[in-house]
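Hi,

Here's the structure I said I'd pass on. Have a look at it first, and my notes on what turned up are underneath.

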Amino acid sequence: MHTTTKALVLRTVDYKESDKILTLFTRDQGKLAASARGCRKKGSAIAAGCQLLAWSEMVLYDYQGRWSVKEAATQRLFRGVLEDIERLALGCYFAEAAELLAVEGEENPELLSLILNSLHALDKMPDKPLLLVKAAFEWKAMALAGYEPLIDGDAVRGEGISLPLPPPALAAVAHIVHGDPKRLFSFRLEGEELNQMAAAAEAYLRTQLERGFSTLDYYKSLSL
């Protein structure tokens, strides 16, 4: 069986001499694993579309329950992300979080749009602080995954956590969680208020998911 879909490459693992195993976030079938045979060979027609964080139109075929990439036409490579180590590390963190939250075989257009919009912000919105983009992704991802934070009085609350924040930071969280997804990054927050909102977003995500992320640890190590 063949299928054509658009997909974001969330993770790649080298396999054998010239292959890769890809974790894809597809528009039609959610998360799935697919082999990309020969994509590491020089001149491979599918090489570009099988890069980490590439957004591609792919032709996949299913053989005995396993997907393989037959064709991959690159739609966007987010070059501004790939060419900057901090932005790449943050993009990989978004991908790792999306891989955890996405369900295999179940489409999730809201989460897919969130990571694509977040990568676009890293790629084409240099005026947006990385902390702002990171925090917006984290708050919105938690809301989409069923962990929507409760903004109550002077704090953000969730299962087992209460995070006091100043009014401008609370307003930013409300905009992220309840506002138009297409205007996710259209707010301003600076200085200590941004630092507090971003720290709360990371703490909230870690608490709700009860785990850390190696890509996040690496991103944070770059600023030490």
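Let's start with one residue, Ala72. Leaving out its neighbours within four places in sequence, Ala72 is in contact with Ala45, Ile46, Gly49, Cys50, Glu57 and Met58. You'll find Ala72 in strand S5, which covers residues 66-76. Is Ala72 buried or exposed? Its relative accessible area is 11%, so Ala72 is buried, the cut-off being under 20%. If you want another distance to look at, Ala72 and Cys39 are 33 residues apart along the chain, and their C-alpha atoms are separated by 10 Å.

Before going further, please keep in mind that this is a predicted model.

Now the chain as a whole. It has seven helices and eight strands. The C-alpha trace spans about 55 × 30 × 30 Å along its principal axes. How does the radius of gyration fit with a compact globule? For 224 residues, such a globule would come out near 17 Å, and the chain has 18 Å, which agrees.

A few more totals for the chain:

- Buried residues account for 48% of the 224 residues.
- Of the contacts with a separation of 6 or more, 62% are between residues 24 or more positions apart.
- About 11,100 Å² is exposed, and carbon and sulfur atoms supply 48% of that.
- There are 26 positive and 30 negative side chains, with the centres of the two sets 7 Å apart.

Next, the aromatics. How many aromatic pairs does the structure hold? There are four. Take Tyr93 and Phe213: their ring centres are 5.6 Å apart and their planes sit at 70 degrees, so this pair is edge-to-face, the cut-off for that being over 60. What does the pair link? It joins distant parts of the chain, with Tyr93 in helix H2 (residues 85-101) and Phe213 in the loop between helix H6 (191-209) and helix H7 (214-221), 120 residues apart. Tyr93 has 0% relative accessibility, so it counts as buried. Phe213 is buried too, with a relative accessible area of 0%.

Trp139 and Tyr204 make an aromatic pair as well, this one tilted, at 5.2 Å centre to centre with 45 degrees between the planes. Here again distant parts of the chain are linked: Trp139 is in helix H4 (residues 130-144) and Tyr204 is in helix H6, 65 residues apart. Trp139 counts as buried because its relative accessibility is 0%, and Tyr204 is buried with a relative accessible area of 1%.

Which residues form one aromatic cluster? They are Tyr93, Phe94, Phe137 and Phe213, so you'll recognise the edge-to-face pair of Tyr93 and Phe213 in there.

One more residue to click on is Ala89, which lies in helix H2. With a relative accessible area of 4%, Ala89 is buried. What is Ala89 in contact with, leaving aside its neighbours within four places in sequence? The answer is Thr215, Tyr218, Tyr219 and Leu222. Ala89 and Lys220 are 131 residues apart in sequence, while their C-alpha atoms are 8.9 Å apart in space.

That's what I have so far. Over to you!

Cheers

Definitions and conventions. Residues numbered from 1 in each chain as written. Predicted model: local features only at pLDDT ≥ 70, side-chain atom pairs only at ≥ 80, totals over all residues. Heavy atoms only, no water. Helix = DSSP H or I, 4+ residues; strand = E, 2+ residues; numbered from the N terminus. Rg over C-alpha atoms; globule rule 2.2 N^0.38 Å. Buried < 20%, exposed > 50% of the residue type's maximum accessible area, 1.4 Å probe, protein only. Contact = heavy atoms within 4.5 Å. Areas by Shrake-Rupley, 256 points an atom, 1.4 Å probe, with all protein chains shown as cover. Lys, Arg positive; Asp, Glu negative; His and termini not counted. Charge placed at Lys NZ, Arg CZ, Asp CG, Glu CD. Phe/Tyr/Trp six-rings, centres within 6.5 Å; stacked < 30°, edge-to-face > 60°.
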